[in-house]
Amino acid sequence: MTHDVLEDGLAALRRDIAEVHAPAALEGALVARFRQQHRRFPRPDFWWLPPLALAATLAIASWMVRMPHGAQQPAVGSATAAAEPDPGPFLALRPIERIALEPGMTVVETEFPRALLADWGLPVAPDHAGEPVRAEMLYSADGEPVAVRLIN
Amino acid sequence: MTMPPVDTKAELALLARMQRGDESAFVALYRTHRDAVYRFALLYAGSPAIAADVTQDTFVHLMTQNRQFDPTRGSIGAWLCGVARNMARRQCGVREDATDPGELQDDARAHDSQVDPQSPLDRLLRGELAEHVRRAVAGIAPHYRDVLILCEVADLSYAEAAQVCGIDIGTVRSRLSRARTQLAQRLAPYAPSARGVKEVQS
(Lines give C-alpha, C1' and ligand atoms only; values in the text may rest on other atoms or scores of the structure.)
Protein backbone atom coordinates (compact mmCIF):
# COMPACT_ATOMS: atom_id res chain seq x y z
CA MET A 1 0.00 0.00 0.00
CA THR A 2 2.88 2.34 0.87
CA HIS A 3 4.41 1.51 -2.49
CA ASP A 4 1.15 2.48 -4.18
CA VAL A 5 0.91 5.84 -2.49
CA LEU A 6 4.55 6.52 -3.31
CA GLU A 7 4.12 5.70 -7.00
CA ASP A 8 0.76 7.44 -7.22
CA GLY A 9 2.19 10.46 -5.46
CA LEU A 10 5.22 10.67 -7.74
CA ALA A 11 2.99 10.29 -10.79
CA ALA A 12 0.75 13.09 -9.55
CA LEU A 13 3.79 15.25 -8.88
CA ARG A 14 5.16 14.61 -12.40
CA ARG A 15 1.79 15.43 -13.92
CA ASP A 16 1.25 18.64 -11.98
CA ILE A 17 4.79 19.96 -12.11
CA ALA A 18 4.69 19.61 -15.92
CA GLU A 19 2.12 22.42 -15.92
CA VAL A 20 4.39 24.77 -14.03
CA HIS A 21 6.44 27.17 -16.15
CA ALA A 22 9.24 29.62 -15.49
CA PRO A 23 7.97 33.20 -14.96
CA ALA A 24 7.66 35.03 -18.28
CA ALA A 25 9.42 38.11 -16.92
CA LEU A 26 12.67 36.17 -16.57
CA GLU A 27 13.31 36.03 -20.30
CA GLY A 28 13.23 39.81 -20.74
CA ALA A 29 15.59 40.35 -17.83
CA LEU A 30 18.01 37.72 -19.10
CA VAL A 31 17.96 39.03 -22.67
CA ALA A 32 18.68 42.54 -21.38
CA ARG A 33 21.58 41.11 -19.41
CA PHE A 34 22.82 39.26 -22.50
CA ARG A 35 22.69 42.45 -24.59
CA GLN A 36 24.55 44.36 -21.92
CA GLN A 37 27.24 41.72 -21.78
CA HIS A 38 27.69 41.50 -25.54
CA ARG A 39 27.33 45.19 -26.33
CA ARG A 40 29.91 46.10 -28.93
CA PHE A 41 30.70 49.41 -30.54
CA PRO A 42 31.51 49.37 -34.28
CA ARG A 43 35.20 49.89 -34.92
CA PRO A 44 35.88 52.91 -37.15
CA ASP A 45 37.72 52.38 -40.42
CA PHE A 46 40.82 54.29 -39.32
CA TRP A 47 40.79 53.22 -35.70
CA TRP A 48 44.56 52.71 -35.84
CA LEU A 49 45.29 56.32 -36.81
CA PRO A 50 44.99 58.05 -33.41
CA PRO A 51 47.21 55.54 -31.57
CA LEU A 52 49.72 55.65 -34.42
CA ALA A 53 49.80 59.47 -34.35
CA LEU A 54 50.25 59.42 -30.60
CA ALA A 55 53.11 56.93 -30.84
CA ALA A 56 54.82 58.99 -33.56
CA THR A 57 54.46 62.18 -31.53
CA LEU A 58 55.94 60.51 -28.48
CA ALA A 59 58.82 59.10 -30.52
CA ILE A 60 59.65 62.49 -32.06
CA ALA A 61 59.40 64.28 -28.72
CA SER A 62 61.62 61.66 -27.10
CA TRP A 63 64.21 61.99 -29.89
CA MET A 64 64.23 65.78 -29.62
CA VAL A 65 64.71 65.70 -25.86
CA ARG A 66 67.54 63.15 -25.96
CA MET A 67 69.44 64.59 -28.96
CA PRO A 68 72.68 66.59 -28.10
CA HIS A 69 72.35 70.29 -28.85
CA GLY A 70 75.56 70.37 -30.97
CA ALA A 71 74.23 67.70 -33.29
CA GLN A 72 70.89 69.30 -33.92
CA GLN A 73 71.80 70.96 -37.23
CA PRO A 74 74.67 69.09 -38.83
CA ALA A 75 75.87 71.00 -41.98
CA VAL A 76 76.42 68.96 -45.09
CA GLY A 77 80.14 68.54 -45.73
CA SER A 78 81.09 70.13 -42.43
CA ALA A 79 83.25 67.13 -41.55
CA THR A 80 85.30 67.60 -44.75
CA ALA A 81 85.64 71.31 -44.09
CA ALA A 82 86.88 70.66 -40.56
CA ALA A 83 89.49 68.16 -41.76
CA GLU A 84 90.65 70.31 -44.66
CA PRO A 85 90.55 74.04 -43.95
CA ASP A 86 89.91 76.36 -46.86
CA PRO A 87 93.26 76.70 -48.65
CA GLY A 88 92.40 80.23 -49.68
CA PRO A 89 92.16 81.96 -53.05
CA PHE A 90 94.03 81.02 -56.19
CA LEU A 91 97.17 83.06 -57.08
CA ALA A 92 96.94 84.14 -60.67
CA LEU A 93 99.87 83.12 -62.85
CA ARG A 94 98.45 85.00 -65.85
CA PRO A 95 96.57 88.28 -66.08
CA ILE A 96 93.12 88.16 -64.38
CA GLU A 97 91.33 89.49 -67.49
CA ARG A 98 92.73 86.65 -69.58
CA ILE A 99 91.84 84.06 -66.98
CA ALA A 100 88.28 85.43 -66.84
CA LEU A 101 87.93 84.92 -70.59
CA GLU A 102 89.32 81.36 -70.57
CA PRO A 103 86.62 78.77 -71.43
CA GLY A 104 86.55 75.27 -69.95
CA MET A 105 89.17 75.54 -67.24
CA THR A 106 89.92 72.56 -65.01
CA VAL A 107 91.28 72.19 -61.47
CA VAL A 108 93.89 69.49 -60.94
CA GLU A 109 95.35 68.56 -57.58
CA THR A 110 99.08 67.91 -57.94
CA GLU A 111 102.37 67.80 -56.08
CA PHE A 112 105.62 69.42 -57.20
CA PRO A 113 108.96 70.64 -55.81
CA ARG A 114 108.59 73.81 -53.74
CA ALA A 115 111.41 75.38 -55.80
CA LEU A 116 109.02 75.58 -58.76
CA LEU A 117 107.08 78.28 -56.90
CA ALA A 118 110.01 80.62 -57.53
CA ASP A 119 109.37 80.36 -61.28
CA TRP A 120 105.92 81.90 -60.71
CA GLY A 121 107.43 84.72 -58.61
CA LEU A 122 106.41 83.25 -55.23
CA PRO A 123 108.84 83.32 -52.27
CA VAL A 124 110.60 80.03 -51.41
CA ALA A 125 112.76 79.45 -48.31
CA PRO A 126 116.06 77.94 -49.35
CA ASP A 127 115.92 75.36 -46.53
CA HIS A 128 112.66 73.95 -47.83
CA ALA A 129 113.28 74.32 -51.55
CA GLY A 130 113.68 70.58 -52.02
CA GLU A 131 110.49 69.60 -50.24
CA PRO A 132 107.37 68.68 -52.21
CA VAL A 133 104.35 70.89 -52.01
CA ARG A 134 100.70 70.02 -52.71
CA ALA A 135 98.67 72.45 -54.70
CA GLU A 136 95.62 72.80 -56.90
CA MET A 137 96.44 73.98 -60.40
CA LEU A 138 93.91 75.80 -62.58
CA TYR A 139 94.55 74.89 -66.22
CA SER A 140 93.20 76.56 -69.32
CA ALA A 141 91.48 74.50 -72.00
CA ASP A 142 94.79 74.18 -73.86
CA GLY A 143 96.62 72.88 -70.76
CA GLU A 144 98.40 76.07 -69.68
CA PRO A 145 98.53 76.68 -65.88
CA VAL A 146 96.79 79.98 -65.19
CA ALA A 147 96.45 79.94 -61.36
CA VAL A 148 97.64 77.98 -58.35
CA ARG A 149 96.83 77.65 -54.69
CA LEU A 150 98.79 75.75 -52.06
CA ILE A 151 96.97 73.18 -50.01
CA ASN A 152 99.41 72.89 -47.13
CA MET B 1 9.21 17.75 -15.58
CA THR B 2 11.14 15.52 -17.91
CA MET B 3 14.25 17.03 -19.41
CA PRO B 4 13.84 18.36 -22.95
CA PRO B 5 14.92 16.00 -25.74
CA VAL B 6 18.61 16.40 -26.42
CA ASP B 7 19.98 17.15 -29.87
CA THR B 8 23.58 17.47 -28.78
CA LYS B 9 24.94 18.69 -32.10
CA ALA B 10 22.30 21.39 -32.47
CA GLU B 11 22.74 22.50 -28.86
CA LEU B 12 26.50 22.76 -29.21
CA ALA B 13 25.99 24.84 -32.36
CA LEU B 14 23.64 27.12 -30.41
CA LEU B 15 26.17 27.37 -27.60
CA ALA B 16 28.92 28.34 -30.05
CA ARG B 17 26.70 31.00 -31.60
CA MET B 18 25.77 32.28 -28.16
CA GLN B 19 29.44 32.57 -27.25
CA ARG B 20 29.89 34.79 -30.32
CA GLY B 21 27.14 37.07 -29.01
CA ASP B 22 24.16 35.69 -30.93
CA GLU B 23 21.15 36.66 -28.84
CA SER B 24 18.74 34.38 -30.70
CA ALA B 25 20.94 31.38 -29.83
CA PHE B 26 20.82 32.30 -26.15
CA VAL B 27 17.05 32.71 -26.29
CA ALA B 28 16.71 29.31 -27.99
CA LEU B 29 18.78 27.63 -25.28
CA TYR B 30 16.86 29.46 -22.58
CA ARG B 31 13.47 28.46 -23.95
CA THR B 32 14.57 24.86 -24.26
CA HIS B 33 15.78 24.50 -20.68
CA ARG B 34 14.03 27.20 -18.63
CA ASP B 35 11.11 25.07 -17.43
CA ALA B 36 13.24 22.09 -16.43
CA VAL B 37 15.57 24.36 -14.45
CA TYR B 38 12.68 26.26 -12.85
CA ARG B 39 10.81 23.08 -11.91
CA PHE B 40 13.90 21.53 -10.39
CA ALA B 41 14.54 24.67 -8.36
CA LEU B 42 10.90 24.87 -7.31
CA LEU B 43 10.83 21.30 -6.06
CA TYR B 44 14.21 21.67 -4.39
CA ALA B 45 13.59 25.01 -2.69
CA GLY B 46 9.79 24.86 -2.37
CA SER B 47 9.49 28.56 -3.07
CA PRO B 48 8.54 30.20 -6.39
CA ALA B 49 10.60 33.29 -5.53
CA ILE B 50 13.74 31.26 -4.82
CA ALA B 51 13.07 29.12 -7.90
CA ALA B 52 12.86 32.26 -10.07
CA ASP B 53 16.11 33.60 -8.59
CA VAL B 54 17.83 30.27 -9.10
CA THR B 55 16.62 30.08 -12.70
CA GLN B 56 17.88 33.59 -13.42
CA ASP B 57 21.24 32.93 -11.78
CA THR B 58 21.58 29.65 -13.66
CA PHE B 59 21.13 31.29 -17.06
CA VAL B 60 23.39 34.20 -16.13
CA HIS B 61 25.94 31.49 -15.36
CA LEU B 62 25.29 30.06 -18.82
CA MET B 63 26.03 33.50 -20.28
CA THR B 64 29.15 34.20 -18.32
CA GLN B 65 30.68 30.85 -17.37
CA ASN B 66 29.73 28.64 -20.31
CA ARG B 67 33.39 27.65 -20.82
CA GLN B 68 32.94 25.46 -17.75
CA PHE B 69 30.58 23.22 -19.72
CA ASP B 70 32.32 20.06 -20.91
CA PRO B 71 30.32 18.37 -23.69
CA THR B 72 32.19 15.11 -23.11
CA ARG B 73 30.69 14.84 -19.63
CA GLY B 74 27.01 15.31 -20.43
CA SER B 75 24.31 17.42 -21.99
CA ILE B 76 23.77 21.13 -21.55
CA GLY B 77 20.49 20.34 -19.80
CA ALA B 78 22.20 18.18 -17.20
CA TRP B 79 24.93 20.78 -16.73
CA LEU B 80 22.32 23.50 -16.21
CA CYS B 81 20.57 21.28 -13.66
CA GLY B 82 23.88 20.93 -11.85
CA VAL B 83 24.34 24.69 -11.84
CA ALA B 84 20.75 25.16 -10.63
CA ARG B 85 21.32 22.62 -7.88
CA ASN B 86 24.38 24.50 -6.64
CA MET B 87 22.53 27.83 -6.81
CA ALA B 88 19.54 26.38 -4.97
CA ARG B 89 21.74 24.87 -2.29
CA ARG B 90 23.43 28.23 -1.84
CA GLN B 91 20.08 30.01 -1.65
CA CYS B 92 18.81 27.48 0.90
CA GLY B 93 22.03 27.57 2.88
CA VAL B 94 22.65 23.85 2.54
CA ARG B 95 26.10 22.64 3.45
CA GLU B 96 28.15 20.59 1.03
CA ASP B 97 27.25 16.97 0.49
CA ALA B 98 28.11 14.89 3.47
CA THR B 99 30.34 11.94 2.69
CA ASP B 100 30.47 10.46 6.15
CA PRO B 101 28.07 7.48 6.20
CA GLY B 102 27.05 8.48 9.68
CA GLU B 103 25.86 11.82 8.39
CA LEU B 104 24.00 10.15 5.55
CA GLN B 105 21.71 8.15 7.77
CA ASP B 106 18.03 8.71 7.55
CA ASP B 107 17.80 12.16 8.94
CA ALA B 108 14.42 13.14 7.71
CA ARG B 109 13.40 14.61 11.03
CA ALA B 110 16.42 16.87 11.01
CA HIS B 111 15.10 18.57 7.88
CA ASP B 112 11.53 19.05 8.94
CA SER B 113 12.40 22.66 9.63
CA GLN B 114 13.04 23.17 5.93
CA VAL B 115 9.46 22.36 4.97
CA ASP B 116 7.90 25.71 4.25
CA PRO B 117 4.75 26.11 6.30
CA GLN B 118 2.57 27.25 3.43
CA SER B 119 -1.10 27.79 3.88
CA PRO B 120 -3.54 26.22 1.42
CA LEU B 121 -3.65 29.55 -0.40
CA ASP B 122 0.10 29.25 -1.08
CA ARG B 123 -0.22 25.98 -2.93
CA LEU B 124 2.14 25.62 -5.85
CA LEU B 125 0.47 22.63 -7.50
CA ARG B 126 -3.13 22.19 -8.46
CA GLY B 127 -3.67 18.59 -7.36
CA GLU B 128 -4.00 17.87 -3.67
CA LEU B 129 -1.94 14.70 -3.77
CA ALA B 130 0.77 16.36 -5.87
CA GLU B 131 0.95 19.21 -3.39
CA HIS B 132 1.29 16.73 -0.50
CA VAL B 133 4.07 14.96 -2.35
CA ARG B 134 5.82 18.26 -3.14
CA ARG B 135 5.81 19.18 0.53
CA ALA B 136 6.97 15.73 1.48
CA VAL B 137 9.83 15.98 -1.04
CA ALA B 138 10.78 19.37 0.39
CA GLY B 139 11.02 17.76 3.80
CA ILE B 140 13.53 15.06 3.08
CA ALA B 141 17.27 15.60 3.46
CA PRO B 142 18.80 17.79 0.70
CA HIS B 143 21.30 15.17 -0.50
CA TYR B 144 18.44 12.70 -0.94
CA ARG B 145 16.02 15.29 -2.25
CA ASP B 146 18.07 16.34 -5.28
CA VAL B 147 18.65 12.75 -6.39
CA LEU B 148 14.94 12.00 -5.96
CA ILE B 149 13.90 15.02 -8.02
CA LEU B 150 16.44 14.33 -10.75
CA CYS B 151 15.73 10.61 -11.11
CA GLU B 152 12.03 10.35 -10.28
CA VAL B 153 10.63 13.62 -11.54
CA ALA B 154 13.10 14.98 -14.11
CA ASP B 155 13.68 11.46 -15.51
CA LEU B 156 17.44 11.87 -15.62
CA SER B 157 19.45 8.68 -15.91
CA TYR B 158 21.55 7.60 -12.95
CA ALA B 159 24.64 8.66 -14.88
CA GLU B 160 23.23 12.13 -15.53
CA ALA B 161 22.11 12.51 -11.92
CA ALA B 162 25.59 11.46 -10.85
CA GLN B 163 27.06 14.16 -13.09
CA VAL B 164 24.68 16.80 -11.77
CA CYS B 165 25.38 15.96 -8.12
CA GLY B 166 29.07 15.25 -8.55
CA ILE B 167 28.80 11.75 -7.09
CA ASP B 168 29.20 8.25 -8.49
CA ILE B 169 26.35 6.14 -9.81
CA GLY B 170 26.42 3.76 -6.83
CA THR B 171 25.87 6.69 -4.50
CA VAL B 172 22.99 7.86 -6.68
CA ARG B 173 21.35 4.43 -6.35
CA SER B 174 21.75 4.28 -2.59
CA ARG B 175 20.58 7.85 -2.05
CA LEU B 176 17.59 7.32 -4.29
CA SER B 177 16.63 4.23 -2.35
CA ARG B 178 16.82 6.10 0.94
CA ALA B 179 14.96 9.06 -0.55
CA ARG B 180 12.12 6.82 -1.70
CA THR B 181 11.93 5.24 1.75
CA GLN B 182 11.74 8.64 3.43
CA LEU B 183 9.18 9.86 0.98
CA ALA B 184 7.05 6.75 1.42
CA GLN B 185 7.12 7.26 5.19
CA ARG B 186 6.03 10.84 4.78
CA LEU B 187 3.24 9.86 2.41
CA ALA B 188 2.01 6.95 4.55
CA PRO B 189 -0.72 9.04 6.20
CA TYR B 190 -2.19 9.65 2.76
CA ALA B 191 -2.52 5.95 1.91
CA PRO B 192 -6.23 5.01 1.53
CA SER B 193 -6.09 2.51 4.42
CA ALA B 194 -4.45 5.05 6.76
CA ARG B 195 -7.03 7.66 5.87
CA GLY B 196 -9.75 5.11 6.54
CA VAL B 197 -8.33 4.36 9.99
CA LYS B 198 -8.12 8.08 10.83
CA GLU B 199 -11.64 8.67 9.67
CA VAL B 200 -12.89 5.76 11.85
CA GLN B 201 -10.90 7.01 14.86
CA SER B 202 -12.28 10.51 14.47
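**Helix 1 of chain B, the chain A–B contact and a sheet in chain A**

Just after helix 1 of chain B, B:Gly21 adopts a positive phi of about 100°. I should state at once that this is a predicted model.

Let me stay with that helix. Helix 1 of chain B runs over residues 8–19, twelve residues in total, and spans 16 Å from its first C-alpha to its last, close to the 16 Å expected at 1.5 Å a residue. Which of its residues are buried? They are B:Glu11, B:Leu14 and B:Met18. These residues cover an arc of only 60° around the axis, which puts them on the same side of the helix. As general background, an α-helix has 3.6 residues a turn, so residues three or four places apart point the same way. The cover over the buried residues of helix 1 of chain B includes helix 2 (23–45) and helix 4 (76–92) of chain B. On the other side of helix 1, B:Thr8, B:Lys9, B:Ala13 and B:Ala16 are exposed.

I turn now to the two chains together. In chain A, 28 residues are in contact with 36 residues of chain B. Helix 1 (2–17) of chain A gives the most to the side of chain A that touches chain B, with twelve residues. By class, that side of chain A holds 16 nonpolar, five polar and seven charged residues.

Finally, the sheet. Chain A has an open sheet of four strands in the order 1-4-3-2, with antiparallel pairing. Strand 1 (91–92) and strand 2 (106–113) stand at the edges with a single partner strand each, so one side of each has no neighbour in the sheet. Strand 2 pairs with strand 3 (residues 132–139) of chain A in the antiparallel sense over eight bridges, and A:Val108 stands opposite A:Met137 in strand 3.

How values were computed: Residues numbered from 1 in each chain as written. Chains lettered and ligands numbered in written order. Predicted model: local features only at pLDDT ≥ 70, side-chain atom pairs only at ≥ 80, totals over all residues. Pairing = 2+ DSSP bridges. Helix = DSSP H or I, 4+ residues; strand = E, 2+ residues; numbered from the N terminus. Contact = placed C-beta atoms within 7 Å. Nonpolar A, V, L, I, M, F, W, Y, C, P; charged D, E, K, R; others polar. Expected span 1.5 Å × (residues − 1). Buried ≥ 20, exposed ≤ 12 C-beta atoms within 10 Å, placed from the backbone. Arc of directions from axis to C-beta.
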